[in-house]
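Reader: I would be grateful for a close examination of one part of this protein, namely its salt bridges. Please describe the partners and their surroundings in a connected account.

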Amino acid sequence: QVLLVETGGGLVQAGGSLRLSCAASRRAFGYAMGWFRQAPGKEREFVAAVSDGGTYYADSVKGRFTCSRDNQKRTMYLQMNSLKPEDTAVYYCAASSTIDAMPRTDYWGKGTLVTVSS
């Protein structure tokens, strides 16, 4: 079973930074991993993902967010800088065999809330 647990959400002022972590079970080793977010009243959207093939970002976060992975710790990170109020959302960690398949994966964390105040 693949288990994913996100931590690191919270309240931050616009322009500030937060780092999210996603701890994965042993079963997730070797999977592509990624971050999605869902703002109130909106659909879940892709934020960033990392696999052996590289790291990918949504245009809305390029240059501000950095996604990385520590395979020894089985943990993925999302360093979020220059946060904007529109980054406010519940952030979810996901794992799948490929990045293309990630939106349809069965493996999701429960999410962590990020609130950016103006």
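Author: The account below takes up the salt bridges, then turns to a serine in a loop and to a pocket.

The model is a predicted one. It holds 4 salt bridges. As general background, side chains of opposite charge can pair when their charged atoms come close.

One of the bridges joins the side chains of arginine 37 and glutamate 45, with an N to O distance of 2.7 Å. Arginine 37 has a relative accessible area of 5%, and it is therefore classed as buried, the cut-off being under 20%. Glutamate 45, by contrast, counts as partly exposed because its relative accessibility is 36%, which lies between the limits of 20% and 50%.

Another bridge is formed by the side chains of arginine 64 and aspartate 87, again given as N to O, at 2.7 Å. Arginine 64 is placed in the loop between β6 (54-57) and β7 (65-70), while aspartate 87 belongs to the loop between β8 (75-80) and β9 (89-96); the pair therefore ties together parts that are 23 residues apart in sequence. With a relative accessibility of 11%, arginine 64 counts as buried. Aspartate 87 is buried as well, its relative accessible area being 1%.

These two pairs belong together: Arg37, Glu45, Arg64 and Asp87 are linked in a network of salt bridges.

A further bridge brings together the side chains of lysine 62 and aspartate 59, at 3.2 Å from N to O. Here aspartate 59 is exposed, with a relative accessible area of 65%.

Serine 25 offers a polar side chain in another setting, the loop between β3 (18-24) and β4 (32-38). Its relative accessible area is 16%, so serine 25 falls under the 20% limit and is buried. The side chain of serine 25 reaches the backbone oxygen of glutamine 1 at a distance of 3.2 Å. Apart from neighbours within four places in sequence, the residues in contact with serine 25 are Gln1, Val2, Leu3 and Arg74.

There remains the largest pocket, which encloses about 160 Å³ of space. It is lined by 12 residues, and those closest to its centre are Gly30, Tyr31, Ser51, Asp52 and Arg69. Sorted by class, the lining consists of 5 nonpolar, 5 polar and 2 charged residues.

In summary, the network of salt bridges links Arg37, Glu45, Arg64 and Asp87, and within it arginine 37 is buried, whereas glutamate 45 is partly exposed.

Notes:
Residues numbered from 1 in each chain as written. Predicted model: local features only at pLDDT ≥ 70, side-chain atom pairs only at ≥ 80, totals over all residues. Heavy atoms only, no water. 1 Å grid on protein atoms, 1.4 Å probe; cavity = no way out; pocket = protein on both sides within 12 Å on 5 of 7 lines; lining within 4 Å. Points joined across faces, edges and corners; volume = space filled by probe spheres on them. Nonpolar A, V, L, I, M, F, W, Y, C, P; charged D, E, K, R; others polar. Helix = DSSP H or I, 4+ residues; strand = E, 2+ residues; numbered from the N terminus. Buried < 20%, exposed > 50% of the residue type's maximum accessible area, 1.4 Å probe, protein only. Polar contact = N/O pair within 3.5 Å; in protein donor to acceptor, adjacent residues only side chain to side chain. Contact = heavy atoms within 4.5 Å.
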